[in-house]
Amino acid sequence: RSMNRKNINSRIGKDTFKLIIGNLAPMITALICIPYLLNHLGDENYGILVLAWALIGYLGLFDFGIGKSATYFISNAITKNSINIHTIVHSGLLFALSVSFFGLLMILLIFYMWVWFDSTILIYKESVFIISATIIPTVLTVYFRGVIEGFHKFTISSISKAAFGSLMFLAPSLMIYIGISQIEYLLISLLLSRIVVLFYLMLNLKEFFTKLVPSVECMKEIFNYGSWVSVSGIIGPIMVYGDRFFITYFFGAVSLPVYAISQEILQRLLIIPGSFSSAILPKISLIKAKNHKESYKISLFVTSVIMMLVCTVVAIIFPLFLEFWISAEFAEKATNLSYIIIIGIFFNSLAHSSFTFLYAIKRTKEVAIVHIFELIFYIVLLIISIKIFGFIGVAIAWSIRCIVDFIALHIIVIKRIKNYV
């Protein structure tokens, strides 16, 4: 079915706002909890907790794009008034369970292979088991959130996202507050918090937990769509954070904070286009195919206007913020880097619109192929840029990569939407 364009635009605006709130909540929680955790845990235990956060975050790579797949297939099934929604949900659930258990086994296998070479790491066995166990509720939460967004229930999605991220910091803080500071118990609190969020989503989908009716054919479609999303999901963090390894290699770890802190803060601006993209993905199925090109142009225009405004304001105040937050010396070193990174952030924002439309018309493979070639291009560009421009060449290469990413995806969108029926 098609909806009135005004109603669709109104829903996109409201849903984007909800998702921005859901993404901001964990950031605010982290600002409050991290100093408390650092003061009470000490450097060593806090370091272990930070490592656990990073590992738990990367466990999401084992979801094989299941969240985006769920959103795509369910939103399309609703639009076509399909009677197979239960089959889609159950097939996706079976696939999510399969990949999460596969991921769990892979992590344990890697750990015991490592033990074979260095038995001293056995002292971390309990911690590794607990962290590994989080992969199951993590993947299932990503999946059910995708299902929820496929049904356009963004209030529930936002609440789950806020809780999912905030409890990463709140759960261990509460454990310490009640007098429990052993690292294993803090990790258990992280595992339990993920289970709580999972049950919240399941309660909102309880009508689907009756008789299971999965389909092998449906599972194949979900895998074909999601596996290519997963390729982009693996390559993406390498292109975003890989430059830090080059900085360490060419300039030493002492040069890393100026770049990493500036980039890390500025990348939070991508919450805005990221939320907009998540809100618009299930809505595209509600728009008639002949109107996709016009909708894409509107999406690009809205993103460019908002992000141009945001990036301009941030470029003006960011040096002052760094001077106040860290020091005048740090701000002086980071200012020029920050300006270049902000240019990359702007084009990265536009790329969100491009790959969202490609995902919406089932072109996940083409996005992944672009990212594969882009990674090779980026590594070469980084080396050349560092040789020519020195330290600031890292930021130049990162921003050029963002511009190339947008141009490549934009060209594909225009070509595919023109031919899309």
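Is the crossing of helix 5 and helix 6 left-handed or right-handed? The points below take up this crossing and some other features of the model, which is a predicted one.

1. The crossing of helix 5 and helix 6 is left-handed. Helix 5 covers residues 135–150 and helix 6 covers residues 154–177, and the two pack with their axes 8 Å apart, at an angle of about 155°. Since angles over 145 degrees count as roughly antiparallel, the two helices are therefore described as roughly antiparallel to each other.

2. The residues that bring these two helices together can be found in the structure one by one. On the side of helix 5 they are Thr 138, Thr 141, Arg 145, Ile 148 and Glu 149, and they meet Phe 154, Ile 156, Ser 157, Ser 160, Lys 161 and Phe 164 in helix 6. Sorted by class, this contact holds 4 nonpolar, 4 polar and 3 charged residues.

3. The loop between helix 5 and helix 6 contains His 152, a residue whose backbone deserves a careful look. The phi of His 152 is near 65°, which is a positive value in a residue other than glycine. For a reader new to backbone angles, it helps to know that most residues other than glycine have a negative phi. His 152 is also buried, because its relative accessible area is 13% and the limit for buried is under 20%.

4. A second residue of this kind is Lys 362, which is not a glycine and yet has a positive phi of about 65°. Lys 362 lies in the loop between helix 13 and helix 14, the latter being residues 364–389. Its relative accessible area is 41%, so Lys 362 is partly exposed, whereas His 152 is buried.

5. Helix 11, which is made of residues 271–280, and helix 13 have axes that come within 9 Å and cross at roughly 15°. Because angles under 35 degrees count as roughly parallel, helix 11 is roughly parallel to helix 13. The crossing in which helix 11 passes helix 13 is right-handed, while that of helix 5 and helix 6 is left-handed.

6. In the contact between helix 11 and helix 13, the first of these helices contributes Pro 273, Gly 274, Phe 276, Ser 277 and Ile 280, and the second contributes Ser 349, His 352, Ser 353, Thr 356 and Phe 357. By class there are 4 nonpolar and 6 polar residues, with no charged residues in this contact.

7. The aromatic rings form a further topic, and the count comes to 16 aromatic pairs. One of them joins Tyr 296 and Phe 357 in an edge-to-face arrangement, with 5.2 Å from centre to centre and 70° between the planes. This pair links distant parts of the chain, since Tyr 296 belongs to helix 12 (residues 292–325) and Phe 357 to helix 13 (residues 328–360), and the two are 61 residues apart. Both Tyr 296 and Phe 357 are buried.

8. The rings of Phe 346 and Phe 347 have centres 5.4 Å apart and planes at 85°, so this pair too is edge-to-face. Phe 346 is buried, with a relative accessible area of 13%, whereas Phe 347 counts as partly exposed, at 23% relative accessibility.

9. Which residues form one aromatic cluster? They are Phe 246, Tyr 249, Phe 250, Phe 251 and Phe 391, and a reader can look for these rings in the structure above.

Key. Residues are numbered from 1 along each chain as its sequence is written. This is a predicted model: local features need pLDDT of at least 70, side-chain atom pairs count only at pLDDT 80 or more; totals for chains, interfaces and linings use all residues. Side-chain values use heavy atoms; hydrogens and water are left out. Axes are lines fitted to C-alpha atoms, for helices over the stretch in contact, and angles run from 0 to 180 degrees between N-to-C directions. Helices (H or I, at least four residues) and strands (E, at least two) are DSSP runs, numbered from the N terminus. Angles under 35 degrees count as roughly parallel, over 145 as roughly antiparallel, 65 to 115 as roughly perpendicular and the rest as oblique. A crossing is left-handed if the near helix is turned anticlockwise from the far one by less than a right angle, and right-handed if clockwise. Contact means heavy atoms within 4.5 Å. Ala, Val, Leu, Ile, Met, Phe, Trp, Tyr, Cys and Pro count as nonpolar, Asp, Glu, Lys and Arg as charged, and the others, Gly among them, as polar. Rings of Phe, Tyr and Trp (its six-membered ring) pair if their centres lie within 6.5 Å; planes under 30 degrees apart count as stacked, over 60 as edge-to-face and the rest as tilted. Buried means under 20% relative accessible area, exposed over 50%, partly exposed in between (1.4 Å probe, protein chains only).
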